[in-house]
Amino acid sequence: MKKNIAVIGYGGQGAWHCKQILNSDVARLVGIYDIKEARCQAAAENGIHVYGSAQELLADEQVEAVVVATPNDSHKQLVIDALNAGKNVICEKPVEMSVEAFDSMCEAAKANHKLFTVHQNRRWDVDYLAIKQIVESKEIGDVIRIESRIHGSRGIPSDWRCTKAQGGGMLLDWGVHLIDQLLQIFAEEEITGVHCDMTNITGTEVDDGIRLTIYFASGKTAYVEVGTYNFLAMPRFYMQCSQGTALISDWTKKAHVARLKAWNEKDVLPVQTAAGITKTMAPRDELTLDEYDVERPASDVHDFYRNFCAALDGKEEPKITQPQVRRVLQVMEAGFKSAQERQTIWF
Ligand code: NAD
């Protein structure tokens, strides 16, 4: 039987959730609530039931789960109210701005015996899944470093994302996705430090870009870069492994892999540049290096709701767990501290 789900916040992302639920094979949309009259009207015009208040929505016994899709500063109270009303909850990312606030949400979930998860939907992005697949297959050996970048050129949207009090800025907006993805790949690694620089080129009160490194005890590193003032984008993923390199130029492209066949190369031809020659930086030949594209893995974003509903029935573990979300928040907290103090934060 389909699960009855209601959505709080019918903005860009709330409307996206409604669309997903309306097309879901496991969930049914029972209604929405938004504090803005115009958004309630827009939902009604789309044939969606509109509750008169959040309280009315939470008091409706047919609602089994609530999606919270409001600006970041309102997540904590809405999530705790929903859990205390006996609802299961999906909260939009970033779940909150601090580990402390997240812990209080988890306590409410525990006290009410309800499922509480976070919509880290970018775990279903094909570019990330391709990199994860290459790491897991070990086809180019053990991972050493992954660089994950997302570059845009339009600055921060000029809404609540520009304000600090509402949880704006790119570390919280896009950084959370990229950190979450990399911490899934480095799930077993112990984090020892975080270094983060923030940019503010467009003059808002929050960061419009970040450059964040996560150091692991093993010596491996994960690097995340978000930019909103990049008129030419760097590759989406660049990964160094013990037996090769993988690159994804942008999220519509396949992963390109160079696999080392033999370390030693005979008769390296020097490369001539304008000001000299180099053998060290000369390209390899096909006797020592294989190059190929990797097919894009299959992905279905509806699997998020399928997993959530199966977890409600106790048939699956939720894919996005509270300890995973907490680890991401720890890195983001350290990132803010690092940027403010202009130093690496060691754990
Ligand atoms: P938005 O401004 O488009 O919409 C937010 C809506 O929430 C507005 O309609 C506003 O009126 C409403 N609202 C504000 N406070 C409310 C309250 N207390 N009760 C009910 N409604 C309230 O913002 P958005 O882009 O939809 O972002 C919403 C959330 O979704 C944010 O946390 C954002 O980070 C997240 N988001 C996630 C993704 C993703 O891919 N996972 C993408 C975009 C946004």
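This briefing covers the domains, the open sheet and the empty spaces of one protein model. The model is predicted. The domain assignment splits the protein into domain 1 (3–119) and domain 2 (125–298 + 330–346). The largest pocket has a volume of about 920 Å³, and its lining draws at least three residues from each of these two domains. Five strands form an open, parallel sheet.

**Domains**

- Domain 2 is assigned in two segments, 125–298 and 330–346, while domain 1 is given as 3–119.
- The C-alpha centres of domain 1 and domain 2 lie 33 Å apart.
- Domain 1 puts 10 residues into the contact, and domain 2 puts in 11 residues.

**The open sheet**

- The strand order is β2-β1-β3-β4-β5, with parallel pairing.
- The edges are held by β2 (27–33) and β5 (116–119). Each has a single partner strand, so one side of each is left without a neighbour in the sheet.
- From one strand to the next, the twist averages 25 degrees.
- Strands of a sheet pair through backbone hydrogen bonds, in either a parallel or an antiparallel sense.
- Six bridges link strand β1 (residues 3–8) to β2 in the parallel sense.
- Val7 has its bridge partner in β2, and that partner is Ile32.
- Helix α8 lies across β1, β2, β3 (65–68), β4 (88–92) and β5. Its angle to β4 is about 155 degrees.

**The largest pocket**

- This pocket has a volume of about 920 Å³.
- Its lining counts 36 residues. Closest to the centre are Gly12, Gln13, Ala69, Trp160 and Arg161.
- The elements giving two or more residues to this lining are α1 (12–22), α4 (75–84) and α7 (170–185).
- By type, the lining of the largest pocket divides into 13 nonpolar, 12 polar and 11 charged residues.
- Domain 1 and domain 2 each supply at least three residues to the lining of the largest pocket.

**The second largest pocket**

- The second largest pocket has a volume of about 460 Å³.
- It is lined by 19 residues. Lys164, Met198, Asp207, Phe336 and Ala339 are the closest to its centre.
- Two or more lining residues come from each of β7 (191–199) and α9 (322–341).
- Strand β7 gives the largest share of this lining, five residues.
- The lining of the second largest pocket divides into seven nonpolar, six polar and six charged residues.

**The cavity**

- Rolling a probe the size of a water molecule over the atoms shows where empty space is left.
- Searching the whole structure turns up one cavity of 30 Å³ or more.
- The largest cavity has a volume of about 40 Å³.
- Its lining consists of Thr117, Phe304, Asn307, Phe308, Pro318, Lys319 and Ile320.
- Helix α8 (residues 303–312) supplies three of the lining residues, the largest share.
- The lining of the largest cavity divides into four nonpolar residues, two polar and one charged.
- Helix α8 thus appears twice in this briefing: it lies across the strands of the sheet, and it gives the largest share of the cavity lining.

Technical notes. Residues are numbered from 1 along each chain as its sequence is written. This is a predicted model: local features need pLDDT of at least 70, side-chain atom pairs count only at pLDDT 80 or more; totals for chains, interfaces and linings use all residues. Side-chain values use heavy atoms; hydrogens and water are left out. On a 1 Å grid over the protein atoms alone, a cavity is a set of points where a 1.4 Å probe fits but cannot get out, and a pocket is an open set with protein on both sides within 12 Å along at least five of seven lines; lining residues have an atom within 4 Å of a point. Grid points are joined across faces, edges and corners, and a volume is the space filled by probe spheres set on the points. Helices (H or I, at least four residues) and strands (E, at least two) are DSSP runs, numbered from the N terminus. Ala, Val, Leu, Ile, Met, Phe, Trp, Tyr, Cys and Pro count as nonpolar, Asp, Glu, Lys and Arg as charged, and the others, Gly among them, as polar. Domain bounds come from an automatic or database domain assignment. Two strands pair if DSSP finds at least two bridges between them. Axes are lines fitted to C-alpha atoms, for helices over the stretch in contact, and angles run from 0 to 180 degrees between N-to-C directions. Contact means heavy atoms within 4.5 Å.
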